[in-house]
Amino acid sequence: PADYEESTYIIGMDDENRHDLYRLTKGDPQKKVSLFLEWTGEDRSVADPWYTDNFDATWDDVLAGCRAILAKLS
């Protein structure tokens with residue numbers, strides 16, 4: 001609970017993370033929870049190389065997300 005109150009943004013990498021974050025924050029009443037790629041305008045999970053073995057796709061997703069977050073916060 002303290003982490004939720006102190007944080008401005010809480011970002012999950014995939015739908016399972018988002019689901020867990022909603023549960024842990026009791027429904028995210030302050031609307032702080034987002035998916036990483038929502039910052040890029042996409043509503044999807046970051047490609048998971050554990051299942052796909054495609055590290056390039058994961059790299060592209062993480063780079064795009066980081067750039068979008070940086071642009072939004074700058």
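**Exercise 1. The span of helix 4**

What distance should the 19 residues of helix 4 (residues 55-73) span at 1.5 Å a residue, and how far apart are its end C-alpha atoms?

Solution. The model is a predicted one, and the values below are computed from it. The expected span of a helix is 1.5 Å times one less than its number of residues, so the 19 residues of helix 4 should span 27 Å. The end C-alpha atoms of helix 4 are 27 Å apart, which agrees with that expectation.

**Exercise 2. The two sides of helix 4**

Determine which residues of helix 4 are buried, on which side they lie, and what they pack against.

Solution. Buried means under 20% relative accessible area, and in helix 4 the residues that count as buried are Thr58, Asp61, Gly65, Ala68 and Ile69. These residues lie on the same side of helix 4, because they cover an arc of only 105 degrees around the axis. An α-helix has 3.6 residues a turn, so residues three or four places apart point the same way. The packing partners of the buried residues of helix 4 are strand 1 and helix 3 (49-52). On the other side of helix 4, the exposed residues are Phe55, Asp56, Trp59, Arg67, Leu70 and Ala71. Leu63, which is also in helix 4, is partly exposed, because its relative accessible area of 28% falls between the cut-offs of 20% and 50%.

**Exercise 3. A nonpolar patch on the surface**

Identify the residues that form a nonpolar patch with Ile11, and classify Ile11 by its accessibility.

Solution. Tyr9 and Leu73 join Ile11 in a nonpolar patch on the surface, and together the three have about 270 Å² of accessible area. Ile11 belongs to strand 1, which runs over residues 10-12. The relative accessibility of Ile11 is 33%, so this residue counts as partly exposed.

**Exercise 4. Positive phi in a loop**

For Asp28 and Lys31, give the value of phi, and decide whether each residue is buried or exposed.

Solution. Most residues other than glycine have a negative phi. Asp28, however, has a phi near 55 degrees, which is positive, and Lys31, likewise not a glycine, has a positive phi of about 55 degrees. Asp28 is located in the loop between helix 2 (15-24) and strand 2 (33-35), and Lys31 is also placed in the loop between helix 2 and strand 2. With a relative accessible area of 2%, Asp28 is buried, whereas Lys31, at 66% relative accessibility, counts as exposed.

Conventions:
Residues are numbered from 1 along each chain as its sequence is written. This is a predicted model: local features need pLDDT of at least 70, side-chain atom pairs count only at pLDDT 80 or more; totals for chains, interfaces and linings use all residues. Side-chain values use heavy atoms; hydrogens and water are left out. Patches are made of residues with over 30% relative accessible area and no salt bridge: like charges are joined within 9 Å, nonpolar side chains (Val, Leu, Ile, Met, Phe, Trp, Tyr) within 5 Å. Accessible areas come from the Shrake-Rupley method with a 1.4 Å probe; for residues, only the protein chains shown count as cover. A salt bridge is a side-chain nitrogen of Lys or Arg within 4 Å of a carboxyl oxygen of Asp or Glu. Helices (H or I, at least four residues) and strands (E, at least two) are DSSP runs, numbered from the N terminus. Buried means under 20% relative accessible area, exposed over 50%, partly exposed in between (1.4 Å probe, protein chains only). The arc is that of the directions from the helix axis to the C-beta atoms. Contact means heavy atoms within 4.5 Å.
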